[in-house]
There are 2 protein chains.
Amino acid sequence: MITVSRALNTPDKLAPATLARVRAAIERLRYVPNLTAGSLASNRSRIVAAIVPTIANSIFSDTIDGLAQTLAQHRYQLLLGQTHYRLDEEAALVDAFLGRRVDGMVLTGIAHARGVRSRLQRAGIPVVETWDLTARPIDMVVGFSNRAAGEAAARYLIARGYRSLAYVGGTDDRSMARLTGFREGAAVCCVRDVAAALVPAPSSPSDGAAALAGLLAQHPLRAVFCSNDMLAAGALFECARRHISVPSQMAVMGFADLPIAAGIEPALTSVAVRAKEMGQRAGELLLQRIAGDTSAQRRVDLGFAVIERASA
Amino acid sequence: MITVSRALNTPDKLAPATLARVRAAIERLRYVPNLTAGSLASNRSRIVAAIVPTIANSIFSDTIDGLAQTLAQHRYQLLLGQTHYRLDEEAALVDAFLGRRVDGMVLTGIAHARGVRSRLQRAGIPVVETWDLTARPIDMVVGFSNRAAGEAAARYLIARGYRSLAYVGGTDDRSMARLTGFREGAAVCCVRDVAAALVPAPSSPSDGAAALAGLLAQHPLRAVFCSNDMLAAGALFECARRHISVPSQMAVMGFADLPIAAGIEPALTSVAVRAKEMGQRAGELLLQRIAGDTSAQRRVDLGFAVIERASA
DNA sequence: CAGTACGATGGTAGCGCTAACACTTGATGG
DNA sequence: CCATCAAGTGTTAGCGCTACCATCGTACTG
């Protein structure tokens, strides 16, 4: 009965009495509507897919959280996939999600396997890339410039008089972009030869400690910029173990401004990014486009901010 | 054409030549199979839903990760929902996911809103509750006893000579169960009057530091058991700021054995639980039951282990 | 060589819903 | 008093697959 469909989807188009009768019947029969059939008939699934490298890292789970909240408000659901930092897994997930006829997709980063871009564009669904920026998004992009963030970190450290710099980070594209920016920022200030230690994902405090230990064995070092706050926390712990005073003997700077940055002793100077807002904005852009509004921005730069604390 | 369906779902039932022809056609036409239609026709969605309080907390994201991995191996997808520790939100998500005709569901905890149990049972899909244990699961349960974990923490601390104990934790059921166990364990050893500071979710190191500060203002304290390692880390930082030596003046014990526990200085004694394995086992049980095997265990106790490190 | 079995392939119906349109009713206005 | 209209409700077709059964050819058995 079409009336039941209307009672569930557009209750305001029914006479109150009819609506009440339908609702009573639904209750009595314990009727559970089949959204799969609805999706097939209407060609709208009310599902959005999100693909992240990993959710074990709280850096992305904040974005997922923001996205999920926005979607939930509009009765959309979230299908989640993890790539473990592998482009081929991302491509496989994209195909699987397109098969599900999701109404939109959120990707992490702007680098994708061959063919992903064209398949998404052919599917005709809105797509948001996140956690980076590009002039040529698949469809839309919400993020910040990793390169600029790295550069800002270098400038910050050099402005405070640190000259012997090092970078500790992951091997993914975004971390590498931050390293590039960090080196560029240093070069502008005539600081060359920035050492870098790359650690495999997912990165933990222990990795940060080990990376710092490795760097210290090779270079005289006054400041280290870590690609995320967990690595930076590990660097701080390593300094504590070696009785290296922070920041007077060693400056430590983190990235992402996770809750631990403000809590740790000494408090961690970090580059804050708006992870949760990224998810929210991505969700809003998708919903806007799903609703047929094509006026949405294609490129949203949420920026970043160096948060000065005690460690650098 | 039914042959195409077979090429995609049961390729080994086709003659190799036919399979190759179909695959070539799929490639040429850029055909993207519609899994929604398949779900409707076959009454199997190849989707499993997971509901967690929050993924911002890495404690649950490890479980999700394990679940997602198991599901991905069998070409199942994961629909994710967050309750923000609210039972009514959980109930709403359960209804929405049942409407999607998911093939199975993973819940967090064993306390649910009225009607959730019966609606799930009537749906006839396999359900796994996690992160706790009960003799009367909705369907299956994979977890550990939070009460016993709390008790073990109390016994551990008391065995090391600490008598003035306090607990810092969240207000959710599982944290409260650990507190109950902690108090019971203390009582067995004739230690009564265990102070407790409850912090709202999601808990961060700052919350842990503030809670410890609050407790210290009221009680003489020798040991604190924190409901997760982030709170414990905050407690350690607070001790560092106050120049309270750990563990000689204050013992700190955490829960979950997150990566930070091993990395922090001093290294954190913690109660380890097998979060990722919980997700994997939950996924395996679901898939087993979806495949029609009804012999699966209804109750899997993954246990926990006190990991002794420097802080207590 | 007929009878049987089995693997490979195809035809048809229908999963449960919604888009599109048709219809009914009562109100409005010239 | 009837044309016009809007609000409320119903009818029909079909979304793209898969379950089920039918058919066909080939190989094997006695």
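Two strands are taken to pair if DSSP finds at least two bridges between them. By that criterion strand 1 (residues 47–52) of chain A pairs with strand 2 of chain A, in the parallel sense and over 6 bridges, and one of the facing positions is that of Ala50(A), whose bridge partner in strand 2 is Leu80(A). The model in which this pairing is seen is a predicted one, and the account below starts from chain A, passes to the contact between the chains, and then takes up chain B, the DNA strands and some backbone details.

The secondary structure of chain A comes to 12 helices and 12 strands, and its C-alpha atoms fill a box of roughly 80 × 40 × 30 Å along the principal axes. Of the 312 residues of this chain, 53% count as buried, and among the contacts in chain A with a separation of 6 or more, 69% are made by residues 24 or more positions apart.

Strand 2 of chain A deserves a closer look. In a regular strand the side chains alternate between the two faces of the sheet. In strand 2 of chain A both faces are covered, with Gln77(A), Leu79(A) and Gly81(A) buried on one side and Leu78(A), Leu80(A) and Gln82(A) buried on the other. Because 6 of the 6 residues of this strand are buried, strand 2 of chain A is largely enclosed by the rest of the structure.

Besides its pairing within chain A, strand 2 (residues 77–82) of chain A pairs with strand 2 of chain B, in the antiparallel sense and over 3 bridges, and here Leu79(A) has Leu79(B) as its bridge partner. The contact between the chains as a whole takes 45 residues from chain B and 45 residues from chain A. On the side of chain B, at least two residues each come from helix 3 (35–42), helix 4 (58–73), strand 2 (77–82), helix 5 (87–99), helix 9 (205–218), helix 10 and helix 11 (259–263), and helix 4 of chain B gives the most, with 6 residues. By class, the side of chain B that touches chain A has 23 nonpolar, 14 polar and 8 charged residues.

Within chain B, 6 strands form an open sheet of mixed pairing, in the order 7-6-8-9-10-12. Its edge strands are strand 7 (195–198) and strand 12 (304–307), each of which pairs on one side only, and the twist averages 15 degrees from one strand to the next. Helix 8 (residues 173–188) of chain B packs on this sheet, touching strand 6 (165–169), strand 7 and strand 8, and its direction makes about 175 degrees with that of strand 6. Helix 10 (residues 229–241) of chain B lies across strand 6, strand 8, strand 9 and strand 10 (269–273), running at about 160 degrees to strand 9.

Inside the sheet, strand 8 (residues 223–226) and strand 9 (residues 251–256) of chain B pair in the parallel sense over 3 bridges, with Val224(B) opposite Val252(B). The latter residue recurs in the largest nonpolar core, which has 184 residues and in which Val252(A) and Val252(B) have the most contacts. Leaving aside neighbours within four places in sequence, Val252(B) is in contact with residues including Val224(B), Ala232(B), Leu236(B), Val246(B) and Leu268(B).

Turning to the DNA, 18 residues surround DNA strand C, the closest being Ser5(A), Ala37(A), Gly38(A), Ala41(A) and Thr18(B). Helix 1 and helix 3 of chain A, together with helix 1 and helix 3 of chain B, give two or more residues each to this surface, and the largest share, 5 residues, comes from helix 3 of chain A. Around DNA strand D there are likewise 18 residues, the closest being Ser5(B), Asn34(B), Ala37(B), Gly38(B) and Ala41(B), and here the largest share, 5 residues, comes from helix 3 of chain B.

Some backbone details remain. Most residues other than glycine have a negative phi, and most peptide bonds are trans. A cis peptide bond nevertheless joins Val246(A) and Pro247(A), with omega about 5 degrees, and Pro247(A) is found in the loop between helix 10 (229–241) and strand 9 (251–256) of chain A. Trp131(A), in the loop between strand 4 (127–130) and strand 5 (140–143) of chain A, has a positive phi near 65 degrees, and is buried, with 25 other C-beta atoms within 10 Å. His84(B) also has a positive phi, near 50 degrees, but counts as partly exposed, with 15 C-beta neighbours inside 10 Å.

Definitions and conventions. Residues numbered from 1 in each chain as written. Chains lettered and ligands numbered in written order. Predicted model: local features only at pLDDT ≥ 70, side-chain atom pairs only at ≥ 80, totals over all residues. Helix = DSSP H or I, 4+ residues; strand = E, 2+ residues; numbered from the N terminus. Axes fitted to C-alpha atoms, helices over the stretch in contact; angles between N-to-C directions. Contact = placed C-beta atoms within 7 Å. Nonpolar A, V, L, I, M, F, W, Y, C, P; charged D, E, K, R; others polar. Core = buried A, V, L, I, M, F, W, Y, C linked by C-beta atoms within 7 Å. Buried ≥ 20, exposed ≤ 12 C-beta atoms within 10 Å, placed from the backbone. Near = placed C-beta within 6 Å.
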